[in-house]
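Here is a short briefing on one protein chain. Look over the sequence and the model first, then take the points below by topic.

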Amino acid sequence: LFSAFGVLKTLRVPKKFDGSHRGFAFVEFVSKAEAAKAMEALQSTHLYGRKLVLGYAKKEESVEAMRAKLQSQQGGGSKR
């Protein structure tokens, strides 16, 4: 999905203790231009019935801070 927009530097898909996926991933492109192209193209994309929520990470931002920021942008708490 993401490689269509450029060369991926890293891809990380965190898993739960039971081995199932946690429902999010971290994708890093080689260039900022490629990342911007993917962000623009995929902002309203659905994957397996779920809307993709995309955001740029900041080096000083923790995973928990990013999760809280995305939840506030979506208008609420977790639906799990």
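Val30 sits in the loop between strand E2 (26-29) and helix H1. The model is a predicted one. Start from this loop residue, then move to the salt bridge, the core, the surface patch and a second loop.

**Val30 and its partners**
- Val30 is exposed, because its relative accessible area of 56% is over the 50% cut-off.
- Beyond its neighbours within four places in sequence, Val30 touches Val7, Leu8 and Lys9.
- One of these partners, Val7, is 23 residues away along the chain, yet the two C-alpha atoms are separated by 5.8 Å.

**The salt bridge**
- How many salt bridges does the structure hold? There is one.
- Glu28 pairs with Lys9, and the closest N and O atoms are 3.8 Å apart.
- Glu28 belongs to strand E2 and Lys9 to strand E1, so the pair ties together parts that are 19 residues apart in sequence.
- Glu28 is partly exposed, at 36% relative accessible area.
- Lys9 counts as exposed, with 56% relative accessibility.
- Lys9 is also among the contacts of Val30.

**The nonpolar core**
- Which residues make up the largest nonpolar core? The five are Phe5, Phe29, Ala35, Ala38 and Leu42.
- H1 gives the largest share of this core, with three residues.
- Ala38 contacts Phe5, Phe29 and Leu54, leaving aside neighbours within four places in sequence.
- In soluble globular proteins, nonpolar side chains tend to be buried together.

**The nonpolar surface patch**
- Leu1, Leu47 and Tyr48 form a nonpolar patch on the surface, with an area of about 390 Å².
- Leu1 lies in the segment before strand E1 (8-12).
- Is Leu1 buried or exposed? Leu1 is exposed, because its relative accessible area is 51% and the cut-off is over 50%.

**The loop at Thr45**
- Thr45 is placed in the loop between helix H1 (32-42) and strand E3 (46-47).
- Thr45 is buried, because its relative accessible area of 18% falls under the 20% cut-off.
- Apart from neighbours within four places in sequence, the contacts of Thr45 are Arg50, Lys51 and Leu52.

**To take away**
- Two loop residues stand at opposite ends of the burial classes: Val30 is exposed, whereas Thr45 is buried.
- Strands E1 and E2 are tied by the pair Lys9 and Glu28.

Notes:
Residues are numbered from 1 along each chain as its sequence is written. This is a predicted model: local features need pLDDT of at least 70, side-chain atom pairs count only at pLDDT 80 or more; totals for chains, interfaces and linings use all residues. Side-chain values use heavy atoms; hydrogens and water are left out. Helices (H or I, at least four residues) and strands (E, at least two) are DSSP runs, numbered from the N terminus. Buried means under 20% relative accessible area, exposed over 50%, partly exposed in between (1.4 Å probe, protein chains only). Contact means heavy atoms within 4.5 Å. A nonpolar core is a set of buried Ala, Val, Leu, Ile, Met, Phe, Trp, Tyr and Cys residues joined through side-chain atoms within 4.5 Å. Patches are made of residues with over 30% relative accessible area and no salt bridge: like charges are joined within 9 Å, nonpolar side chains (Val, Leu, Ile, Met, Phe, Trp, Tyr) within 5 Å. Accessible areas come from the Shrake-Rupley method with a 1.4 Å probe; for residues, only the protein chains shown count as cover. A salt bridge is a side-chain nitrogen of Lys or Arg within 4 Å of a carboxyl oxygen of Asp or Glu.
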